[in-house]
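Welcome! Please take a moment with the sequence and the model shown here, and then follow the short tour below.

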Amino acid sequence: MHEIHTRIMWCLLAGGVLLAGLVSTDAQGVGFARALQTWIQVLLLLAALATLGWGGRLLLQGTAGSAFMGRPLWVCSAVALGGFAVLLALPLRLSEHGSRPALWLELAVNILLSICLLIVSIDLLSSARRNSPGAVPRASHWLHLQSNGAVLTALALLVAVTAGVAQGLVDLEGMRRYVLPLGMLACCAWAALQSRHFAGQSGRWTVLRLAAALAVGAAAILLGAGSHWAMLLEQAAWCYALSVLALVLVMASLRHSLVGWASAHPARLQGEEWLEQAPIGVVRVDGSGAIVHANRTQLDWLGVPSLVDQPWTEALAPSLRNQAPDWLARLRAGQSLAFEQSMDTPQGLRHFQTDILVAPQGRDAHAFMLLSHDVSMQKLMVGRVQEQQSQLVSLVSAIPDLVVLKGADGRFLHCNQAFERLVGLAHAQIIGRTTSDLGLQGRMPSDWETDLRARNANTPVVYEETLQFADNGYQGRFEITKSAIRAANGEVTGLLCICRDLAERSRARKEIERLEFFDVLTGLPNRRMLMDRLEWSIIACKQRGTYAALLFIDLDNFKDLNDSLGHQKGDRLLCEVGKRLIASVRSGDVVARFGGDEFVVLVENLGAERVQAEAHVRSVVEHVITRFKQPFVLDGQSHHSTPSIGVTVFGDQESLTVQELLKRADLAMYEAKSAGRNTQRFFDPQMQAIVNARANLESDLRQAIHDGELQVYYQPVMNGSGSLVGAEALVRWRHPARGLVMPIEFIDLAEQTGLIVDLGNFVMRTACEQLALWAASPSTQALTMSVNVSPRQFHNQGFVDEVLGIVAQTGANPARLKLELTENLLLGDVNETVNRMRQLKERGVGFSLDDFGVGYSSLSYLKRLPLDQLKIDRSFVSDVLSDVSDAVIVRTILALAHSLELEVVAEGVENSEQVDFLVSNGCKRFQGFHFGRPVPIGEFERLHGFASFRPA
Ligand SMILES: Nc1nc2c(ncn2[C@@H]2O[C@H](COP(=O)(O)OP(=O)(O)OP(=O)(O)O)[C@@H](O)[C@H]2O)c(=O)[nH]1
């Protein structure tokens, strides 16, 4: 209870006593007592009206009542006091004193009064206790139960008494006498018990005084037995207790009305409309620690509709709430607080700078206000600036040059690690000092003068000077650049000074040159350097009329070493090879690493005779190969490596470029590789001719596929009785200049260059179209069509889809299509081969193994592959009558095929004797010139006496 309340109460009391004194007329004090009673009644009426008004408002608004008791009890209290006020106003005066109705009414009045006293005292004490800083939620709960229990008991008593009176069982006079004093004593005991929970000495005394007054009043009623003095005492106690009650109710009603009004119109209350929309959060808190008002900005930040009546800690970040009791104590001691808090808001994590200001003197002593500013953006900006600053500092620190930033007063603002190192001082020892503070003036002679020049110049001042920053420290020639740093108004705010060590620069330049012309791993000249030297060598040979030679050396199977022992060992071998090559040649010759495992040796001054030059270089090459015979020791591990060497001799009058020379040596090296490796080959113009011819053929073939110069020929496949059973599709190239080109001349090239895929698809499509046409005629519909498939074509991604697509598009019957595979196709992944064959087999496509017996024949594959047919190679058939072993092989193949239930086609059959031999050994299918050569389709059909329907 605040001091101001007490003061008003004493005033009222004094006013009442004065009034009573003025109106008292008799000496016994009866008039005085009656006057006092009337004054009390006036106070009670006031309290009743206030409570009634407040209770009504609560009912209408449906808002919570007092801090603790809640709406139901306050409404109950209002009704009780209202009833009491009505009774007070009317009945006692009308009824005869001492009559039964008067007694009854007085009893009712006393009971109602007791209830009101109980409610108000419980509520006040409970809310005071709840708002105390150390309040425990469980204790509040317990209080709630007690208060509700007490009120319910009082109500039950009222009902019981009323019932008793109605039945005439209760002594009305006795009841009237005891109910009120007992109620007063109950309140008195309650107040005395709870007074210890009140914060502050004065609050506790007020409660105890109230309890004492009630006790005295009760004692006077019980013991006084109607004496004047007892009545006087009773009325005085009443006067005190009820005036407190009335005052508390009036004040509480007024406070809640004001809060409500202020909540609805806070700007009106404060005259601070701008505060409501201001971009700062405002939270006002009363002395009990409850929030009285929070502005819109604060509510938006927290994402809540209202904070009124919530504890003030709701405006704090959860992590700070445990500090609240300590802060509250400091605020109550008059200290303001300032701190930063981070909160999770509906808009994300935000940072606030919060100040807590205590109320000015004269206002609610413990009220305070929280003012919060959103500093999220500032924090973000500060973070970014700090990040940029640290990036800049690391950048400047990483610069090998000396970087120094001076302020306008010549003091060091920043310097990088290179400067610290050379000066021999720590960063902290340098910053804030001048050149002379650091004793550098004598060591940087023109510092002062150049600083001045830089300040006055619009462009950087650059000069060179020999500097030594510390005793016995590094001394060197530096290039110094000084630039003035200016503010927007042109005023010089600082000076940036960069010192570059010129010796360091020349070292760096040399290193760059080294990296540019030498191989990092072996330290040998690199390709670039070699090209330069070769260019000079070509010119020198021409001028002097001498010969030189170029050796292109590639290590054999170097990849295997990398894969088995690791790249580190591979690197070691490359270094060792470099050393051996150097040891194999004269000091003037050039050994270069061309790239990967390729080295190039340039042997110069081989004399003016080509034969001599070739002999010399041959000995050099032999020398190299011999040296490679010694194992290489790689980190203690012995390893054998061999080279393949291509050699070209140059120097005659032929004008060759560097590129052409390298190409020749490279070609020769490839020849050495093809010859089985670990050997040498000299360039021969024939090599070039072959390479050129291949290149031309490749480009012609590419063009031929594009221009439709390829043609499909058909060779008949016959049965034992000489009837046509099918055909094999064979490609031919009708070259515009060279005429008909046979497959043997271009299939290998097509296979190597990948052109085989397009070529194979063309043959497959043409053959399938023919098969579809044959299907339309009864005379040809049973014919089969064999198509050759090369390994590269078969292993090409999408081969299966391609074949099935062609079959579907042409409408050919897949059961009549036979794909001829060769044995070298099995060298790859056999599982994958079987898988692909099965996919096509499932759609009806048949398979034939071509050239059986000449290649990689593994009988186990015959079991695994889903084959339909074997074709005996022509080499066995041609000599089957003259060569006993060929005859044995043919018989074996036929027996094998028979036992595996495979069909056999004998290829290359050229006469009837061969047919007889094959038939007598069980062969049923034949192909060869004896039955017909490969011919274009028109001729094929004419020869076999049928014509297929052909679209116009
Ligand atoms: N350790 C190491 N390996 C390298 C370096 N440069 C290239 N290589 C490897 O050298 C190998 C060169 O292989 P090739 O010359 O193509 O093949 P090879 O195994 O030598 O076979 P042939 O030349 O046909 O005898 C590749 O595996 C490259 O990855 C290098 O600097 N260090």
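The buried residues of helix H29 (residues 830–842) pack against several neighbours: helix H27 (791–795), helix H28 (799–810), strand E22 (817–821), strand E23 (846–852) and helix H30 (859–864). Please keep in mind that this is a predicted model. We begin with H29 and then visit a hairpin, two loops, the ligand and the protein as a whole.

**Helix H29**

- H29 has 13 residues, and the distance from its first C-alpha to its last is 18 Å, close to the 18 Å expected at 1.5 Å a residue.
- Which residues of H29 are buried? They are Val-830, Thr-833, Val-834, Arg-836, Met-837 and Leu-840.
- These buried residues lie on the same side of H29, because they cover an arc of only 165° around the axis.
- A general rule helps here: an α-helix has 3.6 residues a turn, so residues three or four places apart point the same way.
- On the face of H29 turned away from the buried side you will find the exposed residues Asn-831 and Glu-842.
- Asn-831 also takes part at the start of H29, where its backbone nitrogen has a side-chain oxygen of Asp-829 within 3.1 Å.
- After H29 comes Gly-844, with a positive phi near 100°.

**The hairpin of strands E8 and E9**

- Strand E8 (residues 461–468) and strand E9 (residues 475–486) pair in the antiparallel sense, with eight bridges.
- The two strands form a hairpin with six residues between them. One residue to look for in the turn is Asn-472, which has a positive phi of about 55°.
- E8 has two faces: Val-461, Tyr-463, Glu-465 and Leu-467 make up the covered one, while Val-462, Glu-464, Thr-466 and Gln-468 make up the uncovered one.
- Which residue of E9 is the bridge partner of Glu-465? The partner is Phe-478.

**Two loop residues with positive phi**

- Asn-557 sits in the loop between strand E11 (548–555) and helix H20 (558–565). Its phi is near 50°, a positive value in a residue other than glycine.
- Is Asn-557 buried or partly exposed? Asn-557 counts as partly exposed, because its relative accessibility is 47% and the partly exposed range runs between 20% and 50%.
- Asp-635 belongs to the loop between strand E14 (632–634) and strand E15 (637–639). The phi of Asp-635 is near 45°, again a positive value in a residue other than glycine.
- Asp-635 is exposed, because its relative accessible area is 51% and exposed means over 50%.

**Around the ligand**

- There are 16 residues around the ligand, and Lys-559, Asp-571, Arg-593, Lys-673 and Arg-677 come nearest.
- Lys-673 also has a polar side-chain atom 2.8 Å from an oxygen atom of the ligand.
- For Asp-554, a polar side-chain atom lies 2.9 Å from an oxygen atom of the ligand.
- In the side chain of Asp-597, an N or O atom is 2.8 Å from an oxygen atom of the ligand.

**The protein as a whole**

- The protein contains 34 helices and 26 strands.
- It has 952 residues, of which 46% count as buried.
- Among contacts in the protein with a separation of 6 or more, 59% involve residues 24 or more positions apart.

Terms used:
Residues numbered from 1 in each chain as written. Predicted model: local features only at pLDDT ≥ 70, side-chain atom pairs only at ≥ 80, totals over all residues. Heavy atoms only, no water. Buried < 20%, exposed > 50% of the residue type's maximum accessible area, 1.4 Å probe, protein only. Helix = DSSP H or I, 4+ residues; strand = E, 2+ residues; numbered from the N terminus. Pairing = 2+ DSSP bridges. Expected span 1.5 Å × (residues − 1). Arc of directions from axis to C-beta. Contact = heavy atoms within 4.5 Å. Polar contact = N/O pair within 3.5 Å; in protein donor to acceptor, adjacent residues only side chain to side chain. Near = heavy atom within 4 Å.
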